[in-house]
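Student: Could you take me through the aromatic pairs here, and then through the packing around them? I'd like one close look rather than a tour of everything.

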Amino acid sequence: MVRRLRQPIVWVPVSLALLAVVVWRSRPWEAGEQLGAIDARLLLAALLVGQATPFLWAIRSRNLLAAAGRPVPLPALLPMTSFANTINNLTPGSAGELVRLYLLRAHHGVDYRTGAAVILIERFVALGYLSASALLLWIAWLEDWPALLTAASVAVLAAAPAVVYRLGLRPLNLLGAFPLGRLVGPGRWALWGAALARVDDTVAGLLVHPARLASFAATTAAVFAVATVQLELVAGATGVTLDPRAAWGALGLSITAGVLTFLPFGLGAADLVLVALLGTAGVGAFDAGAIALGYRLVATLPFAVQGVAAYAWLSARLPDGDLGRAAGEAAAGLNPGRDVPG
């Protein structure tokens with residue numbers, strides 16, 4: 001089902017239809033002189049602020065890899081993380097991460113178990129942080145929570161992964177306990193369960209350590225904060241002032257909706273949710289639509305361009321210049337029927 005959603009024949013018309021709803025709700029044909037009032041300087045500022053995000057992605061990866069005993073230089077991680085984050089939004093099964101696994105192993109000696117653990121944390125724990133913090137801050141804004149209560153709630157959220165693992169609730173072990181042996185064969189499923197358990201052990205070692213978790217939570221929060229500032233600057237360019245809690249909440253919930261649709265970059269779905277939530281925050285339909293499309297201009301488009309540039313850079317430095325083959329080798333390396341170092 002997910003693979004079908006990733007097919008252009010499916011996602012292109014779906015995305016166009018959802019974007020059409022955004023345009024219809026914003027009613028740009030009624031904008032008139034308002035278009036001339038957009039502050040291009042604030043749009044440029046939003047674009048420049050967003051350039052911190054690839055560095056934060058790479059810093060987060062570097063910290064996790066170093067904590068796992070597999071340090072990799074920051075300059076080497078910059079193109080890897082940019083490429084992976086772009087390709088993950090365009091391909092089924094997050095193929096960009098398979099290439100990153102291969103590159104980490106081939107060029108920096110990072111075993112597949114450690115690489116998989118780091119990537120799982122970056123993908124799923126970070127998404128959990130985004131979704132939960134967005135919902136929390138949206139409610140805090142709606143209910144006008146005191147600053148102390150909001151800060152305490154955020155602190156509890158940041159500590160949640162460590163609490164989950166200390167309580168023995170090991171997500172990957174639970175996945176391995178599912179009776180799926182009939183589908184793939186009991187022997188192979190047992191091997192997969194053992195491989196998942198080893199990866200889960202590495203994940204646990206990174207998440208239950210307070211300093212490591214605090215570092216991951218801080219860099220992840222910084223990524224979200226940059227995105228929130230971008231949204232506020234885009235809103236400011238249209239003359240709208242957003243409460244930071246409302247901006248974080250609306251953007252985070254819209255990104256979560258986009259991820260759940262499996263559409264490339266969440267096109268259409270994320271924009272529709274963002275426009276609806278901005279409307280709830282009191283933003284007019286035209287301004288909300290302009291903010292959603294403006295955010296795409298200063299955030300999604302530059303990251304896509306950076307991902308393509310990273311593809312060219314990484315492809316030229318592979319022994320065979322074939323990233324598709326690299327993804328296949330990484331997938332084979334994760335096969336529990338093979339010898340996987342570490």
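**Aromatic pairs and the packing around them**

Tutor: Searching the whole structure, which is a predicted model, turns up four aromatic pairs. Let's look at one of them, Phe224 with Trp248: the ring centres sit 6.1 Å apart and the planes meet at 85°, and since anything over 60 degrees counts as edge-to-face, that's what this pair is. The two partners come from distant parts of the chain, 24 residues apart, with Phe224 in helix 12 (residues 210-237) and Trp248 in helix 13 (residues 244-261).

Are these two rings buried or exposed? The cut-off for buried is under 20% relative accessible area. Phe224 comes in at 13%, so it counts as buried, and Trp248, at 17%, is buried too.

Phe224 also turns up among the contacts of Tyr129. Setting aside sequence neighbours within four places, Tyr129 touches Leu157, Ala158, Pro161, Leu213 and Phe216, among others. Tyr129 is worth knowing, because together with Ile121 it has the most contacts inside the largest nonpolar core, a set of 47 residues. Several helices each put at least two residues into this core, including helix 4 (52-67), helix 8 (147-166), helix 12 and helix 15 (285-316). Helix 7 gives the most, with 12 residues. There's also a second, separate core of 23 residues, and Leu251, Leu274, Ile291 and Ala292 are among its members.

As background, nonpolar side chains tend to be buried together in soluble globular proteins.

Conventions:
Residues numbered from 1 in each chain as written. Predicted model: local features only at pLDDT ≥ 70, side-chain atom pairs only at ≥ 80, totals over all residues. Heavy atoms only, no water. Phe/Tyr/Trp six-rings, centres within 6.5 Å; stacked < 30°, edge-to-face > 60°. Helix = DSSP H or I, 4+ residues; strand = E, 2+ residues; numbered from the N terminus. Buried < 20%, exposed > 50% of the residue type's maximum accessible area, 1.4 Å probe, protein only. Core = buried A, V, L, I, M, F, W, Y, C linked by side-chain atoms within 4.5 Å. Contact = heavy atoms within 4.5 Å.
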